[in-house]
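Subject: Structure handover

Hi,

Here is the structure you asked to take over. Please open it alongside this note, which goes through what turned up.

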Amino acid sequence: MSALEDFAAAACGELELNPADVDVRRVLDLARDVAHAVERPAAPVAAYLLGLAVGHGADARAAASALAALAASWPAGGGTEPSA
């Protein structure tokens, strides 16, 4: 296993989560998309919001797709509102 996989497994243990429920690739893809489309500090915020949404019952795939789409619609240059 990689350090990332080891860390994710250990973090799941600490938080009493099933590692099979954690899609590391989806979270990394979301973070990459948001960091590039909005700004770097938005990436961990988006990942946190994804976790909150999933914790409140949202489908992880749908929530990640919605956040990625929001980031993709964000104006270039760090504007404050998504484009229409």
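**Overall contacts and fold**

Start with the contact pattern: among contacts in the chain with a separation of 6 or more, 38% are between residues 24 or more positions apart. Keep in mind that this is a predicted model.

The chain has four helices and zero strands. Read from the N terminus, the order of elements is α-α-α-α. The C-alpha trace spans about 40 × 30 × 15 Å along its principal axes. The chain has 84 residues, and 15% of them count as buried. About 5,900 Å² of the chain is exposed, with 61% of that area coming from carbon and sulfur atoms.

**Charges and salt bridges**

The chain carries 5 positive and 11 negative charges. The mean positions of the two sets lie 8 Å apart.

How many salt bridges does a search of the whole structure find? The search gives four. Here are the ones with details.

- Arg26 and Asp23 are joined through their side chains, at 3.3 Å from N to O. Asp23 counts as partly exposed because its relative accessibility is 34%.
- Asp29 pairs with Arg25, and their closest N and O atoms are 3.7 Å apart. The two are four residues apart in helix H2 (residues 24–37), so about one helical turn separates them. Asp29 has 25% relative accessibility and so counts as partly exposed. Arg25 has 54% and so counts as exposed; the cut-off for exposed is over 50%.
- Asp33 and Arg32 meet in a salt bridge at 3.0 Å, N to O. Both are partly exposed: Asp33 has a relative accessible area of 28%, and Arg32 has one of 42%.

These pairs do not all stand alone. Arg25, Asp29, Arg32 and Asp33 form one network, joined by salt bridges that share partners.

**Two valines in helix H2**

Val34 and Val27 are worth viewing together. Val34 is found in helix H2, and Val27 is found in helix H2 too.

Is Val34 buried or exposed? Val34 counts as buried because its relative accessibility is 5%, and the cut-off for buried is under 20%. Leaving out residues up to four places away in sequence, Val34 touches Glu39, Ala42, Ala43, Ala46, Leu67 and Ala71. A distance to use as a check: the C-alpha atoms of Val34 and Ala76 are 12 Å apart, with their positions 42 residues apart along the chain.

Val27 has a relative accessibility of 34%, so it counts as partly exposed. With the same sequence neighbors left out, up to four places away, Val27 touches Ala47 and Leu50. Val27 and Ala43 are 16 residues apart in sequence, and their C-alpha atoms are 9.5 Å apart in space.

**A nonpolar patch**

Which residues make the nonpolar surface patch of about 380 Å²? They are Val45, Tyr48, Leu49 and Leu52. Of these, Tyr48 lies in helix H3 (residues 42–55). Tyr48 has 55% relative accessibility, so it counts as exposed.

**One backbone angle to look at**

Glu16 is not a glycine, yet it has a positive phi of about 55 degrees. Where does Glu16 lie? Glu16 lies in the loop between helix H1 (3–15) and H2. Glu16 counts as exposed because its relative accessible area is 74%.

**Recap**

For quick reference:

| Item | Finding |
|---|---|
| Elements | four helices, zero strands |
| Salt bridges | four in the whole structure |
| Network | Arg25, Asp29, Arg32 and Asp33 |
| Nonpolar patch | about 380 Å², including Tyr48 |
| Val34 | buried, at 5% relative accessibility |
| Glu16 | positive phi of about 55 degrees |

Over to you.

Best wishes

Conventions:
Residues are numbered from 1 along each chain as its sequence is written. This is a predicted model: local features need pLDDT of at least 70, side-chain atom pairs count only at pLDDT 80 or more; totals for chains, interfaces and linings use all residues. Side-chain values use heavy atoms; hydrogens and water are left out. Buried means under 20% relative accessible area, exposed over 50%, partly exposed in between (1.4 Å probe, protein chains only). Contact means heavy atoms within 4.5 Å. Accessible areas come from the Shrake-Rupley method with a 1.4 Å probe; for residues, only the protein chains shown count as cover. Lys and Arg count as positive and Asp and Glu as negative; His and the chain ends are not counted. The place of a charge is taken as NZ of Lys, CZ of Arg, CG of Asp or CD of Glu. Patches are made of residues with over 30% relative accessible area and no salt bridge: like charges are joined within 9 Å, nonpolar side chains (Val, Leu, Ile, Met, Phe, Trp, Tyr) within 5 Å.
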